[in-house]
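Here is a short tour of some empty spaces and a helix pair. Have the structure open as you read, and follow along from site to site.

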Amino acid sequence: MRFPINWLKEYVSLPDKLSVLTDRLTMAGHMLDKIDEVNENRILDLELRGNRADCYSIRGIAREISAIFDKQLKELPLYQDTKLTHALKDFTINAESQFVKRVMAIRIKDVKITPSPPEIRRRLEEYGIPALNNIVDLTNYVMLETGQPMHAFDSEKLGKFLKVRLAKVGEEITTFQDMNIKLISDDLVWADEKSVLSVAGAVGGKYHSISDMTTHVLLEAASYNQANIRRTVHRHYLLTDAGIRHEKELDSNLVEEGIKRFLYLLKKYNWGSIDGGIFDYYPKPVKPRTLILNFNYLTSLSGLIIEKDAVLKILKRLYFNIISVNDNEIEVQIPTFRTDVEGQEDVIEEILRILSYDEISTKTLALEIPENITPDFIKQENDIKNSLTSLGFDEIISLPFVNPELQKYNLLLSDKASPITIENRPSPEIEEMRMTILPSLISYVTKIKNERGESARIFEVGKIYYQKNSKYIENRALGIAYWNKKNNDFRKFKGYLEAFLKLMQITEMQYSSADNSGLAKSFNIRVKKAVIGIGGMLQDTYFTEIYLDKLLDNAAVIPVALWPNFPPQIEDLTLIIPTKTEIGKVIAAIQSTHDQLTEVRLMDIFGDSYTFRISYQSPNRTLTDSEVDKIRKEIFRILRTKYGVTIKEN
Amino acid sequence: MREDILNLKNEAIARIMDVILLAEIDELKISYLGRNGKVNSLTKELKNLKTEERGEVGISINEAKHAIESALNQKKNEIINRESLKKTWFDASVPGIEYKIGHLHPTSIVINDMFKIFHHLGFSMYEGPEIETDEFNFGKLNLPKDHPARSLQDALYIQEPDYVLRTHTSSVEARALSDIKPPFRIVVAGKCYREEKANASNNAMFYQFQGFALQQGLSMADLKGTLFYFVKKFFGEKRHIRFRCKYYPEVEPGAGLDLDCQFCKMKGCSVCKGRGWIEMLGSGMIHPIILKNAGYNPREISGFAFGMGLDRIVMDRFGISDIRSLYNGDIKY
């Protein structure tokens with residue numbers, strides 16, 4: 001909110017240096033946003049906090065300054081000689097909703113509508129409200145000064161029976177700014193027998209407002225349930241100056257001060273005569289609350305020892321009433337304008353901020369160090385990132401939403417689940433959540449291709465989301481993508497996968513062809529029979545997705561191997577293998593022939609000819625040629641009977 | 001005599017060790033092994049010995065001669081090798097064959113650095129769900145419906161009004177308070193979401209870094225000490241810090257922490273909106289209502305909490321000016 005310096009000075013004396021004022025205000029919770037100048041008067045723009053409804057006024061901030069700098073706050077002259085009544089002449093006002101906490105109203109007759117005097121016009125201009133006429137300007141002026149919004153009706157345009165009630169379905173109002181609002185039954189309104197006069201706490205209607213022709217005025221000021229007003233002003237975008245005050249917890253006792261300040265100024269300027277007493281509906285008057293402040297608690301929570309006398313002084317500067325004091329605690333009465341001070345901790349904050357947070361010492365956790373409870377999966381994700389970057393893959397992070405043109409891929413890898421969607425999407429690309437990391441990877445790989453990249457090796461560790469059996473589920477997953485412009489070979493990709501899983505201490509995995517719809521060359525990765533990941537090819541990019549929670553329990557420590565004492569016999573065998581034979585199974589068959597077969601490695605593929613390098617080795621001695629012969633013959637026998645494999649004749 | 005032989009051998013080998021140029025080898029060869037060399041002059045003295053001694057001393061002289069010879073040869077080869085390496089043309093400026101290095105995402109790098117600092121202070125890392133209930137995202141955090149600090153437009157709803165994508169990592173604090181037995185110190189880094197049309201400084205997804213601790217005896221001084229330690233370690237020991245009163249519904253008392261603006265050296269610029277300070281994080285003592293909601297008595301145990309947006313920090317560190325480029329594939333590694 002904007003605070004003209006000259007206006008503040010009317011209520012409290014300010015430090016000579018402006019920066020001293022703004023620094024302390026900032027430290028005490030009202031951060032300086034900027035300083036500018038209007039009419040050669042400097043204006044402070046302070047960032048106020050939503051819990052300090054009392055500070056949305058010149059007087060509120062003047063009161064803060066008086067507390068911070070220990071300066072006298074000047075009294076606000078109020079109209080004194082008016083009685084409170086429960087009835088107005090010619091009008092009845094009924095509050096028909098529990099959302100109404102207090103209503104005050106008064107009739108003003110023989111009003112002279114004129115432009116406002118320069119001192120009022122200037123102030124409104126400095127704040128940023130356009131001046132209209134003396135009566136409307138005065139309601140705004142008093143609102144800025146005291147923080148209490150109020151509204152003036154042309155009383156000759158009103159019916160006789162006024163109500164403050166919830167709107168009925170179908171009711172509408174046109175505001176004085178020509179905005180048409182369709183009200184709902186949660187909106188609180190002022191209405192007469194015929195129509196809605198204003199949206200309570202937010203904005204007045206066009207047809208009942210003050211005009212140049214107005215001669216009699218009905219002025220109202222009220223206090224409402226903050227939550228209800230907040231819903232209404234946000235629902236209908238009515239963040240008016242009245243709206244932003246009423247949507248916060250205003251003090252119901254401020255209503256009276258606001259009305260009386262208005263009447264004081266009205267009389268001073270002689271703009272009309274007050275007709276009768278002030279109507280006051282106030283079913284549950286707000287009384288100051290009393291809190292106990294315990295000194296030990298103050299010390300333990302603040303980490304600062306503050307003398308009792310200093311505490312008392314600060315509380316008095318804040319206009320808190322000291323009711324009683326003993327060695328352990330203070331009983332303190334909180335003025336009703338401090339709607340934010342509800343508990344002991346709030347009082348402690350008050351003391352600290354008036355003292356300044358600079359006084360708090362910096363202790364670096366001298367207490368006992370608690371147990372480390374970092375879950376395993378955080379280390380796992382960290383290990384994954386380190387392993388994959390060491391293999392030359394770049395980490396990406398993407399928004400977990402699927403672009404409309406990629407949504408067809410979102411269904412690929414999940415069965416019997418449906419995507420989660422955002423109900424209040426801000427734009428079309430933020431609507432459907434990913435059920436697989438694949439769409440994120442596709443768009444990144446496409447980007448790399450478009451930027452004339454030669455290859456893509458990327459991964460993302462993130463979450464996938466879906467709903468199943470009306471439950472929302474999110475799972476941790478790893479997506480990996482591989483594409484190479486020149487040498488786009490599945491075996492290259494798989495080599496990286498195998499190296500990665502090895503780095504993650506996963507030893508016993510099997511890859512098998514699968515039928516993951518929509519993917520070419522699709523496969524599953526299993527550890528101990530459980531599918532931990534899937535993969536395949538889309539467009540010309542290889543993908544795999546690994547489910548991290550399933551992976552987490554399968555890591556084992558891989559034992560260290562030593563060089564054997566006796567050399568192996570090594571030979572290359574070229575076999576002719578019928579098409580559509582799974583090479584993985586052939587290798588497994590070779591390996592399981594004999595325990596002296598220590599290594600089988602595929603060296604070359606040419607047509608249907610596969611060359612394997614085979615090592616025969618015993619831990620106890622060097623194998624003889626005839627022993628190796630025997631094993632080799634056994635290999636051939638098994639492969640021939642099981643897979644119809646023949647030996648390539650040289 | 002025997003001593004003379006030993007001395008001569010040692011002297012020769014020591015001199016050979018010091019040789020740098022090939023020419024010196026030849027000089028030493030003549031001087032020790034030449035016809036009038038030092039070894040020969042010892043041989044000539046053999047005749048002055050008793051006959052029975054001659055055989056033994058003769059063998060010693062021979063051994064010394066061989067030792068000197070082999071030292072000379074070894075040194076000679078060494079020099080020749082060195083010389084020939086020098087003459088072979090070698091271009092060290094030729095580029096290496098590219099080895100593709102993988103990169104961590106800038107946000108991961110920053111998170112790792114922050115985790116390390118907090119690890120030293122006894123903090124554990126933690127996470128919670130991104131799909132949250134209204135209760136854990138707002139209710140348990142002293143943010144009831146229609147609270148002035150709860151912006152109606154903010155959350156992305158997957159099912160209004162009960163399920164949201166978490167709007168802050170404070171939801172993890174709410175989970176930890178109901179799940180974990182104190183004492184604990186926890187930091188969380190994670191994705192958060194809000195209803196926002198993307199532009200250069202706002203995105204529907206953003207990262208937050210959050211910390212909280214619950215332990216008997218924690219005070220505002222512990223909070224301030226922890227934050228100052230972190231800020232100085234992460235941003236630099238020389239940075240100016242402003243620790244001031246600020247309102248957040250999740251804490252009481254509440255505090256904001258600002259850092260000096262590095263762009264204008266606190267003179268005021270467009271980055272800091274003329275303030276000279278950049279708002280870095282929000283913090284405070286965990287609100288008594290939150291503690292009570294979790295079943296604790298605020299007079300018996302206390303806690304603090306802090307949180308900050310990560311993306312701005314990542315962008316400043318890596319010179320990225322548009323938040324969208326962090327998470328849309330624009331980063332070229």
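In this predicted model, the second largest pocket is lined by 34 residues, and those nearest its centre are Lys494(A), Glu498(A), Tyr511(A), Gly584(A) and Ile587(A). Five elements of chain A each give two or more residues to this lining: helix H15 (490-503), strand E24 (509-513), strand E25 (520-527), helix H17 (583-591) and strand E29 (597-606). The volume of the second largest pocket is about 1900 Å³.

Which domains of chain A contribute to the lining of this pocket? Domain 4 (376-552) and domain 5 (569-647) each supply at least three residues.

**A helix pair**

Helix H17(A), which helps to line the second largest pocket, also crosses another helix. Its partner is helix H18 of chain A, residues 625-643, and the two axes come within 9 Å of each other at a crossing angle of roughly 145°. The crossing of H17(A) and H18(A) is right-handed.

If you zoom in on the side of H17(A), you will find Lys585(A), Val586(A), Ala589(A) and Ile590(A) in contact with H18(A). On the H18(A) side, the contact is made by Ile635(A), Leu639(A) and Tyr643(A). Six nonpolar residues and one charged residue make up this contact, with no polar ones.

**Closed spaces**

Now for the cavities: the structure holds five of 30 Å³ or more. The largest has a volume of about 130 Å³. Its lining consists of 16 residues, and the closest to the centre are Asn51(A), Arg52(A), Glu349(A), Cys245(B) and Tyr247(B). Which element gives the largest share of this lining? That is helix H11 of chain A, residues 344-355, with four residues.

The table sets out the classes of residue in the two linings.

| Lining | Nonpolar | Polar | Charged |
|---|---|---|---|
| Second largest pocket | 15 residues | nine residues | ten residues |
| Largest cavity | three residues | three residues | ten residues |

**Chain B**

Cys245(B) and Tyr247(B), listed among the residues closest to the centre of the largest cavity, bring us to chain B. This chain is divided into domain 1 (2-87) and domain 2 (106-326). How far apart do the C-alpha centres of these two domains lie? The distance between the centres of domain 1 and domain 2 of chain B is 81 Å.

Notes: Residues numbered from 1 in each chain as written. Chains lettered and ligands numbered in written order. Predicted model: local features only at pLDDT ≥ 70, side-chain atom pairs only at ≥ 80, totals over all residues. Heavy atoms only, no water. 1 Å grid on protein atoms, 1.4 Å probe; cavity = no way out; pocket = protein on both sides within 12 Å on 5 of 7 lines; lining within 4 Å. Points joined across faces, edges and corners; volume = space filled by probe spheres on them. Nonpolar A, V, L, I, M, F, W, Y, C, P; charged D, E, K, R; others polar. Domains from an automatic or database assignment. Axes fitted to C-alpha atoms, helices over the stretch in contact; angles between N-to-C directions. Left-handed = near helix turned anticlockwise from the far one by under 90°. Contact = heavy atoms within 4.5 Å.
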